[in-house]
Amino acid sequence: MVRFFCSFALYFTVLAGGIPAATALDYPTRVVKIIVSYPAGGATDILARLIGQWLSERLGQQFIIDNRPGGGNNIGTEAAVNSPPDGYTFFVVNPANTINATLYKKLPFNLTRDMAPVAGIIRNPNVMVVNPSVPAKTVAEFIAYAKANPGKINMASSGTGTSIHLSGELFKAMTGVDMLHVPYRGSAPAVTDLLGGQVQVMFDNLPSSIQHIKSGGLRALGVTTEKRLDVLPDLPAVGEVVSGYEASGIFGLAAPKGTPKEIIDLVNKEVNAGLNDPKIKARLIELGGIPLVTTPEEFGKIIADETEKWAKVVKFSGASVDY
């Protein structure tokens with residue numbers, strides 16, 4: 001009879017989720033994959049490898065990077081959200097995800113519906129830079145100059161629908177200035193023409209412009225955040241002049257919807273520990289990022305808010321891509 005009641009109790013323990021919870025505590029028992037929707041060597045890939053190495057050391061199993069470039073970031077994201085929700089596949093959410101939700105008209109997935117947010121990694125601002133031939137020395141002077149010369153200022157970007165492009169479109173929408181968008185195939189050729197004076201302004205990623213700013217090849221007017229950055233403390237934020245302006249790229253970790261909460265909470269805890277580690281924190285700041293410590297719920301809210309914000313900017317810009 002005692003044996004019967006012990007078996008009976010064990011049966012209900014399994015039904016109540018006791019065994020899955022114990023399994024989650026043993027996690028991980030094999031290699032974990034982090035999908036990156038870009039080639040190796042880029043900003044998203046660097047962040048994934050930094051966090052992946054930290055998680056490997058902390059959790060005792062290898063977290064490998066699986067690069068799946070193509071389709072404007074959509075190929076890797078589609079593969080990630082359609083992976084088994086068993087805690088052995090994660091992916092890096094990046095600025096393109098929140099933009100593509102509106103930019104692409106026929107995506108076979110819905111990011112906010114099909115993912116389980118895990119943890120933020122960084123908020124990565126852009127920087128408003130001009131060719132030194134532009135007479136404006138501040139954001140306020142640039143707005144006045146642009147309004148006095150409507151349609152005569154060429155605004156470079158790394159491509160239609162990128163965070164660089166839409167940071168400029170948001171600036172246009174909030175200030176009423178008229179600038180001609182000139183898209184390039186990547187940031188490098190855009191910066192080259194900005195240095196040469198073929199275009200006058202760009203809302204570039206900070207890492208690719210910071211050396212030109214320091215050398216005097218480009219003049220920085222402001223970072224695209226509401227507050228100043230530690231890495232450039234003397235450079236004003238655009239938000240100090242254009243109230244409410246904020247345009248930074250959000251990077252974080254997500255998993256397929258349905259991934260066990262115990263695993264999500266564990267990985268969130270370890271990622272946040274990494275973001276507070278002095279060496280990792282210094283490396284993220286060196287990359288021009290602001291460490292983004294969040295709960296899974298807070299990160300999900302940030303992604304939803306970013307998606308809503310960029311939807312308005314995409315519609316304002318008129319940009320659209322069929323997938």
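1. How many cavities of 30 Å³ or more does a search of the whole structure find? The search returns one. The model under review is a predicted one, and the points below treat its overall build, its largest pocket, its largest cavity and the residue I302 in turn.

2. Overall build. The protein comprises 13 helices and 10 strands. Its C-alpha atoms fill a box of roughly 90 × 40 × 35 Å along the principal axes. Of its 323 residues, 51% count as buried. When contacts between residues at least 6 apart in sequence are considered, 76% of them join residues at least 24 apart.

3. Surface and charge. The accessible surface amounts to about 14,600 Å², and carbon and sulfur atoms account for 56% of that area. There are 29 positive and 28 negative side chains, with the centres of the two sets lying 2 Å apart.

4. The largest pocket. This pocket holds about 990 Å³ of space. It is lined by 41 residues, of which Y38, S158, T162, S163 and N205 are the closest to its centre. Two or more lining residues come from each of α3 (43–59), α5 (95–103), β4 (115–130), α8 (163–175), α10 (206–215) and β9 (248–256). Helix α5 gives the largest share of this lining, namely five residues.

5. The largest cavity. About 50 Å³ of space lies in the largest cavity. Its lining consists of P95, T98, N126, S163, S167, A247, S248, G249, I250, E306 and W310. At least two of these residues are supplied by each of α5, α8, β9 and α13, and the largest share, three residues, belongs to β9. S163 deserves a remark, as this residue lines the largest cavity and is also among the residues closest to the centre of the largest pocket.

6. Position of I302. Residue I302 is placed in helix α13, which spans residues 296–317. Is I302 buried or exposed? I302 counts as buried because its relative accessibility is 18%, and the cut-off for burial is under 20%.

7. Surroundings of I302. Apart from neighbours within four places in sequence, I302 is in contact with R123, I250, L292 and T294. Of these partners, I250 is also one of the residues lining the largest cavity. A further lining residue of that cavity is A247; I302 and A247 are 55 residues apart in sequence and 13 Å apart in space, C-alpha to C-alpha.

How values were computed
Residues are numbered from 1 along each chain as its sequence is written. This is a predicted model: local features need pLDDT of at least 70, side-chain atom pairs count only at pLDDT 80 or more; totals for chains, interfaces and linings use all residues. Side-chain values use heavy atoms; hydrogens and water are left out. Helices (H or I, at least four residues) and strands (E, at least two) are DSSP runs, numbered from the N terminus. Buried means under 20% relative accessible area, exposed over 50%, partly exposed in between (1.4 Å probe, protein chains only). Contact means heavy atoms within 4.5 Å. Accessible areas come from the Shrake-Rupley method with a 1.4 Å probe; for residues, only the protein chains shown count as cover. Lys and Arg count as positive and Asp and Glu as negative; His and the chain ends are not counted. The place of a charge is taken as NZ of Lys, CZ of Arg, CG of Asp or CD of Glu. On a 1 Å grid over the protein atoms alone, a cavity is a set of points where a 1.4 Å probe fits but cannot get out, and a pocket is an open set with protein on both sides within 12 Å along at least five of seven lines; lining residues have an atom within 4 Å of a point. Grid points are joined across faces, edges and corners, and a volume is the space filled by probe spheres set on the points.
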